[in-house]
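Colleague: Could you take me closely through the ligand site of this model, and then outward into the sheet and the packing around it? Please give the cut-offs as you go.

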Amino acid sequence: VAEKELDEETLNPLLEELRLKLLKNNVSLEAAEAIEEELRETLTGREVKRGKAEEVVEEALKEVLEELLDDSFDLARALDEASEPPVMFLMGFNGSGKTTTAGKLGSMFEDMGMETVLGAGDTFRAASIEQLEEHGENIGSKVISHEYESDPAAVAYDAVEHADNEDKIAIIDTAGRSHSDENLMGELEKMVRVNEPDISFLVVDALAGNDVLEQAEAYEGMFDAVIVTKMDVDENGGAIISISERSGKPVAYLGTGQDYSDIEEFDKEQFIDQILS
Ligand code: GDP
């Protein structure tokens with residue numbers, strides 16, 4: 001079969017179609033364009049058999065996504081490398097699912113035979129403390145809380161101390177915040193300074209679309225891995241690509257519903273197959 005060099009004329013419509021497909025899957029414009037550019041660079045001038053251009057583009061997309069996405073988060077290793085007691089922080093905007101995820105992680109660890117204590121470090125949002133206490137009761141984890149408006153660094157400190165005394169993992173909820181909340185951001189920085197988390201998760205919600213970029217930026221340099229919630233509501237999960245492209249951090253878990261068991265390890269091969277199908 002004759003070979004042909006991929007040129008603009010052949011590539012453009014294919015890349016255009018692909019960008020639209022990514023955008024339809026709620027991938028941010030920034031990430032979609034970055035992927036398109038990368039593909040254009042690697043594919044222009046490549047020799048392909050006639051009629052095979054589409055296949056080659058798809059294969060190249062798969063490679064770009066494999067490079068871009070990171071599912072290397074390894075809980076056992078993270079715990080192994082953690083200090084005693086292991087301290088986990090959940091960060092993210094309001095409503096992204098931090099409190100719910102604290103309950104899910106706690107439940108998952110308890111199922112694995114590891115005891116947890118939950119720290120009600122969101123002393124800002126009405127009802128967040130009660131919500132966490134309810135999770136604690138349901139999953140059999142102690143919850144350390146102070147009053148609303150109290151210093152969240154002190155709550156986390158007490159939770160870590162409890163974890164230390166009782167050989168538990170401390171899971172600390174924090175208040176949702178954004179760039180504009182300078183005070184809340186300062187408070188979070190203090191929480192981090194005082195309690196030195198071993199693993200900080202940024203919790204983003206799959207429905208946030210382009211807003212995940214703002215969230216990654218607000219917490220830049222503060223988180224080790226990402227948890228994407230509400231994947232049951234937006235199964236396309238474009239947010240996973242957007243946040244990976246912007247942050248370069250691994251996606252550790254996906255939230256897939258409202259039950260405690262609705263948390264899954266992120267599997268990039270499975271996700272890529274789903275995006276490409
Ligand atoms: P926070 O403000 O970050 O602590 O967010 P919450 O944990 O209070 O969650 C906000 C809302 O999202 C609640 O109604 C949760 O039940 C819901 N939620 C959290 N995670 C998931 C998920 O994976 N799937 C679905 N469908 N809902 C979720």
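**The ligand site and its surroundings**

Modeller: The ligand is surrounded by 19 residues, of which the closest are Gly95, Lys98, Thr99, Thr100 and Gln258; a residue is taken as near when one of its heavy atoms lies within 4 Å of the molecule. This is a predicted model, in which local features need pLDDT of at least 70 and side-chain atom pairs count only at pLDDT 80 or more, while totals for chains, interfaces and linings use all residues. Residues are numbered from 1 along each chain as its sequence is written, and side-chain values use heavy atoms, with hydrogens and water left out.

Three polar contacts (pairs of N or O atoms within 3.5 Å) can be described at the ligand: a backbone N or O atom of Gly97 is 2.9 Å from a ligand oxygen atom, a side-chain N or O atom of Thr99 lies 2.7 Å from an oxygen atom of the ligand, and a side-chain N or O atom of Gln131 is 3.0 Å from a ligand oxygen atom.

Helix α6 spans residues 128–139 and lies across β4 (116–121), β5 and β6 (169–174), running at about 170° to β4. Helices here are DSSP runs of H or I with at least four residues, and strands are runs of E with at least two, numbered from the N terminus; contact means heavy atoms within 4.5 Å, and angles, from 0 to 180 degrees, are taken between the N-to-C directions of axes fitted to C-alpha atoms, for helices over the stretch in contact.

These strands belong to an open sheet of eight, with mixed pairing and the order β5-β4-β6-β3-β7-β8-β9-β10, where two strands pair if DSSP finds at least two bridges between them. The edge strands, each pairing on one side only, are β5 (142–144) and β10 (263–265), and the twist from one strand to the next averages 25°. Strands β7 (residues 199–205) and β8 (residues 225–229) run parallel and are joined by five bridges, with Leu202 opposite Val226 in β8.

As for the packing, the largest nonpolar core (buried Ala, Val, Leu, Ile, Met, Phe, Trp, Tyr and Cys residues joined through side-chain atoms within 4.5 Å; buried means under 20% relative accessible area with a 1.4 Å probe, protein chains only) has 62 residues, and those with the most contacts inside it are Leu39, Tyr219, Val228, Ile240 and Ile241. Helix α3 (residues 53–68) gives the most to this core, with seven residues. Another core, of 26 residues, lies apart from it and includes Leu75, Leu90, Phe201 and Ile227.

Technical notes:
Buried < 20%, exposed > 50% of the residue type's maximum accessible area, 1.4 Å probe, protein only. Polar contact = N/O pair within 3.5 Å; in protein donor to acceptor, adjacent residues only side chain to side chain.
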